[in-house]
Amino acid sequence: MHRRRFVWISVLVAALVTAVAGAATAADKSSKDTTLNLVAYSTPRPVLDKLISEFRKTAQGSDINIRASYGPSSAQGQAVANGLPADGVILNTGNDINDLVDKGLINKNWDKQSYNGVVWNSVVVFGLRNGNPKKIKGWNDLLKSGVGAVTVNPFTGGIAKWNILAAYVAQRKLGKTDKQAIAYLQRFYKNNVVSQDSSGSNATNTFLSGKGDVLLTFESEAINGKIPFVIPRQTMLIDIYIAAIEKSQNKPEWNAFSRYLKTYPAQKILAENGYRPVNKQALNEFRSKFPVRAGETKITSPLLGGWRAVDKKWFDPKSSIMQRIEGGLGVPTGS
């Protein structure tokens with residue numbers, strides 16, 4: 001009887017030791033987990049969710065959780081400046097990044113990383129109604145009477161800035177002067193823009209709800225929204241930027257995630273979901289899907305001069321071309 005009791009107690013103790021050891025191992029693993037705060041613009045949420053899931057399957061990402069916040073690019077950048085927790089950002093205009101550089105939140109050499117800080121590309125396109133009943137193909141078609149355009153407020157969402165610059169460059173390449181190209185935008189916003197949403201995602205939802213004849217948006221957004229689209233002869237090559245927050249306590253983990261996004265497997269996922277890869281292997285593989293067009297203008301074009309010059313001339317909320325155009329229409333500019 002005593003021997004049987006001894007055996008039972010021994011088994012119980014062994015089970016308890018195993019359980020405690022297992023709990024300790026789980027606790028140790030949990031204590032090694034890191035949670036990154038990613039702040040990003042709105043439209044790539046579905047593909048970023050996929051990429052985050054795939055990253056966590058890798059050896060580098062297995063102990064890294066990612067908490068993502070999505071919203072209008074400029075508004076997201078401002079939120080980080082105002083204290084929104086972030087270890088890194090993915091934003092779609094250089095002035096959103098530059099604002100954070102100026103506030104000391106991003107290293108001034110952020111664009112010295114691989115691919116100059118660009119994580120993927122897109123272009124400005126016209127999303128259309130089925131059958132394109134208004135026969136919209138180029139920028140001058142947007143000024144036709146009865147054509148309603150859906151876009152984004154340039155003081156909250158980055159795609160609006162790219163749309164505006166694409167329209168301006170198109171006019172200049174048609175031989176128009178700076179003044180004439182600006183007059184085109186004044187007329188377009190006054191007579192043809194029927195909605196300025198806060199973000200690209202919201203603009204897509206507005207268009208899909210039935211408003212407007214044309215949606216100015218990212219190529220990737222039209223592809224993923226299954227919206228028929230045309231790439232105008234003159235368009236902007238859109239850079240999407242990734243950068244670390246200087247004061248992050250999780251720099252190694254953020255760098256691991258940032259590097260992963262530029263690897264071939266991640267870039268292939270991006271390409272398969274309508275985003276133009278920057279990784280050379282993926283870019284070559286998907287060249288037929290994303291051919292280089294002669295009419296793609298870069299932000300560094302002499303007509304624009306880079307984001308610092310563009311921001312001052314076009315998008316300063318207190319004194320700029322779009323501040324005057326939007327202010328005259330009663331559209332909020334954040335000034």
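Here is a chat between a student and a tutor about a predicted model.

Student: Let's start with a helix. Where is Thr204 found?

Tutor: Thr204 is in helix α7, which covers residues 200–208.

Student: Why is Thr204 called buried?

Tutor: The cut-off for buried is under 20% relative accessible area. Thr204 has 4%, so Thr204 counts as buried.

Student: Which residues does Thr204 touch, leaving out those up to four places away in sequence?

Tutor: Thr204 touches Leu215, Thr217, Glu221 and Ile227. A contact here means heavy atoms within 4.5 Å.

Student: On to charges. What makes Asp213 and Lys134 a salt bridge?

Tutor: A side-chain nitrogen of Lys or Arg has to be within 4 Å of a carboxyl oxygen of Asp or Glu. For Asp213 and Lys134 the closest N and O atoms are 3.2 Å apart, so the pair qualifies as a salt bridge.

Student: Where do the two partners sit in the chain?

Tutor: This pair links distant parts of the chain, 79 residues apart. Asp213 is in the loop between α7 and β7 (214–218), and Lys134 is in the loop between β4 (118–128) and β5 (149–152).

Student: Are Asp213 and Lys134 buried or partly exposed?

Tutor: Asp213 has 18% relative accessibility, and buried means under 20%, so Asp213 counts as buried. Lys134 has 32%, and partly exposed runs between that cut-off and 50%, so Lys134 counts as partly exposed.

Student: How do you know that Glu219 and Arg276 form a salt bridge?

Tutor: Their closest N and O atoms are 2.7 Å apart. The limit is 4 Å, so this pair is a salt bridge. The pair also links distant parts of the chain: Glu219 lies in helix α8 (residues 219–224), while Arg276 lies in the loop between α10 (264–272) and α11 (280–285), 57 residues apart.

Student: Why do Glu219 and Arg276 count as buried?

Tutor: Check each value against the 20% cut-off. Glu219 has 3% relative accessibility, so Glu219 is buried. Arg276 has 6%, so Arg276 is buried too.

Student: Which residues are linked with Glu219 in a network of salt bridges?

Tutor: Arg276 and Glu296 are linked with Glu219 in that network.

Student: What about Lys251 and Glu246: what makes their side chains a salt bridge?

Tutor: The N to O distance is 3.5 Å, and the limit is 4 Å, so Lys251 and Glu246 meet in a salt bridge. Lys251 has a relative accessible area of 26% and Glu246 has 34%. Partly exposed means a value between 20% and 50%, so Lys251 and Glu246 are partly exposed.

Student: How many salt bridges does a search of the whole structure find?

Tutor: The search finds nine salt bridges.

Student: Back to helices. Which residues of α10 are buried?

Tutor: Ala266, Gln267, Ile269, Leu270 and Ala271 are buried in α10. The buried residues of α10 pack against α2 (45–55), β4, α9 (251–261) and α11. Just after α10, Gly274 takes a positive phi of about 95°.

Student: Now for empty space. Why is the hole of about 40 Å³ called a cavity?

Tutor: In a cavity a 1.4 Å probe fits but cannot get out, so that is what the name tells you about this space. The structure holds one cavity of 30 Å³ or more. The largest cavity has a volume of about 40 Å³, and its lining includes Tyr41, Ser73, Asn92 and Phe218.

Student: What classes of residue line the largest cavity?

Tutor: The lining has four nonpolar, eight polar and no charged residues. Gly counts as polar here, so Gly71, Gly157, Gly158 and Gly200 in that lining are among the polar ones.

Student: Which residues lie nearest the centre of the largest pocket?

Tutor: Val118, Asn121, Leu237, Asp239 and Lys298 do, out of 28 lining residues. The largest pocket has a volume of about 660 Å³. Its lining divides into 14 nonpolar, five polar and nine charged residues.

Student: What is the volume of the second largest pocket?

Tutor: About 480 Å³. Of its 21 lining residues, Ser74, Gln78, Asp99, Phe155 and Pro317 are the closest to its centre. The largest share of that lining, five residues, comes from α3.

Definitions and conventions: Residues are numbered from 1 along each chain as its sequence is written. This is a predicted model: local features need pLDDT of at least 70, side-chain atom pairs count only at pLDDT 80 or more; totals for chains, interfaces and linings use all residues. Side-chain values use heavy atoms; hydrogens and water are left out. Helices (H or I, at least four residues) and strands (E, at least two) are DSSP runs, numbered from the N terminus. Buried means under 20% relative accessible area, exposed over 50%, partly exposed in between (1.4 Å probe, protein chains only). On a 1 Å grid over the protein atoms alone, a cavity is a set of points where a 1.4 Å probe fits but cannot get out, and a pocket is an open set with protein on both sides within 12 Å along at least five of seven lines; lining residues have an atom within 4 Å of a point. Grid points are joined across faces, edges and corners, and a volume is the space filled by probe spheres set on the points.
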